[in-house]
Amino acid sequence: MDDTQADSGTRTPTLQEVATAAGVSLATASNALSGRRGVSVALRERVLEAAASLGYSRSGSARGRARTDRITVGIVLPDVRNPAYAELAHAFEQEGTSRDWSIVLASSGYEPDQELEALETLVQSADGIIVSPSRPPRSGLHRLAASPVPIVTCDEPADSLLIAGSVRSDNFGGGRTAAHHLVDAGGTRFGLVGGNGYLPSTQERRDGFLAGLADRGVPASAVTIAGSAYGMDGGQAGMAELLEEAPDVDAVFALSDMQAIGALFEAQQSGRSIPGDLLLCGYDGIAWTQRISPTITTIRQDWPGIAARAMELLDEAMNGAHAPGYGSARVLPVALVEGESTRRDGA
């Protein structure tokens, strides 16, 4: 018995492994096993032989897990309760449906141990994985020793040699756009809510914001950075800290929309009007920003584009286009969506 066959007793063979053993693409293996599309008799027999030799069961695995002849992709996100990640998860589901792929969603809860556990489970059963690292560089992904299937990252970076590609938004450019907009809207004394956060995307948005202010001739001394916690509570705490340290602040960039919503509530509870006393801009483009009063100006990420590009890279990697460590990277543009929170003229 060879090593592959011996291993089949302890883990579930993936569709990708069947394709590799048969010397065909992942799509061909899927079609041959499902019979949904035309595949030559010779190719179908070769795929069936490979599946049999690996112990790939269409009716169920040795561990009782139901098998599918569709391509299965695991998606690991930090927290699907967060509206930003919920929108990204929905985009992945929509893209998976369009490709006729099965999607398995897991959450890391921003905990490296939980992320590692999810990844170790998925590499045994999925044909490919897309992950948003929870705490780079201490995330579970960076601790994963090996993977028999391709892995693509999105939203946050990873320098792991297991990565076949990455898709991210232009966080620096988005921060710069926010700075230009707040200056043009009349801001003179600036605050960054959440600017001390640990995520690389946060640091990029902060650096882009500072660069954008410099573009407009605003000195660093006119900027106060407050807060490090994420989420709505983090935004509220960050705004409270900011107003205490810089009570004359009149323009605020929150580095996520949930932080912006928390900052809005804190400002209002402190007797500050938005946009009268404070201009406010968030980042992400979640639907909530357009459903509260005042509506919040935000930098919108292209969630469908991120999902489509990530799955495109994963598809290429599953079919041998990108080897682990290749790290094909795609950076997608963002767009300013103006809301009432930066309109002092009532337009």
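Contact stretches define the axes used on this tour: each helix axis is a line fitted to C-alpha atoms over the stretch in contact, and angles run from 0 to 180 degrees between N-to-C directions. Keep in mind as you click along that this is a predicted model.

**Stop 1: H8 and H9**

Start by selecting residues 171-184, which form helix H8, and then add helix H9, residues 200-215. The axes of H8 and H9 come within 6 Å, crossing at roughly 40°. That angle makes H8 oblique to H9, since angles under 35 degrees would count as roughly parallel. The crossing of this pair is right-handed.

Now show the side chains where the two helices meet. On the H8 side, look for Asn171, Phe172, Gly175, Arg176, Ala178, Ala179, His180, Leu182 and Val183. Facing them from H9 are residues including Ser201, Glu204, Arg205, Asp207 and Phe209. Colour the contact by class and you should find 8 nonpolar, 6 polar and 5 charged residues.

**Stop 2: Arg206**

Stay on H9 and pick Arg206, which is found in this helix. What does Arg206 touch, leaving aside its neighbours within four places in sequence? Its contacts there are Leu192, Gly195, Ile225 and Leu255. For a distance check, draw a line from the C-alpha of Arg206 to that of Arg176: the two are 8.6 Å apart in space and 30 residues apart in sequence.

**Stop 3: the largest pocket**

Next, bring up a surface view. The largest pocket holds about 350 Å³ of space. Among its 23 lining residues, Asn82, Tyr85, Tyr110, Tyr230 and Gly231 are the closest to the centre, so to find the spot, select those five.

Which helices each supply at least two residues of the lining? They are H5 (83-99), H9 (200-215) and H10 (231-245), so H9 from the earlier stops turns up here again. By class, the lining has 10 nonpolar, 7 polar and 6 charged residues.

**Stop 4: H5 and H12**

From the pocket, follow H5 to its partner H12, residues 303-318. Their axes come within 8 Å and cross at roughly 50°; H5 and H12 are therefore oblique to each other. This crossing is right-handed.

To see the contact, select Ala84, Glu87, Leu88, Ala91, Phe92, Glu95, Gly96 and Arg99 on H5. Then add the H12 side, with Trp303, Pro304, Ile306, Met311 and Asp315 among its residues. The contact of H5 with H12 has 11 nonpolar, 1 polar and 5 charged residues.

Note on methods: Residues numbered from 1 in each chain as written. Predicted model: local features only at pLDDT ≥ 70, side-chain atom pairs only at ≥ 80, totals over all residues. Heavy atoms only, no water. 1 Å grid on protein atoms, 1.4 Å probe; cavity = no way out; pocket = protein on both sides within 12 Å on 5 of 7 lines; lining within 4 Å. Points joined across faces, edges and corners; volume = space filled by probe spheres on them. Helix = DSSP H or I, 4+ residues; strand = E, 2+ residues; numbered from the N terminus. Nonpolar A, V, L, I, M, F, W, Y, C, P; charged D, E, K, R; others polar. Parallel < 35°, antiparallel > 145°, perpendicular 65-115°, else oblique. Left-handed = near helix turned anticlockwise from the far one by under 90°. Contact = heavy atoms within 4.5 Å.
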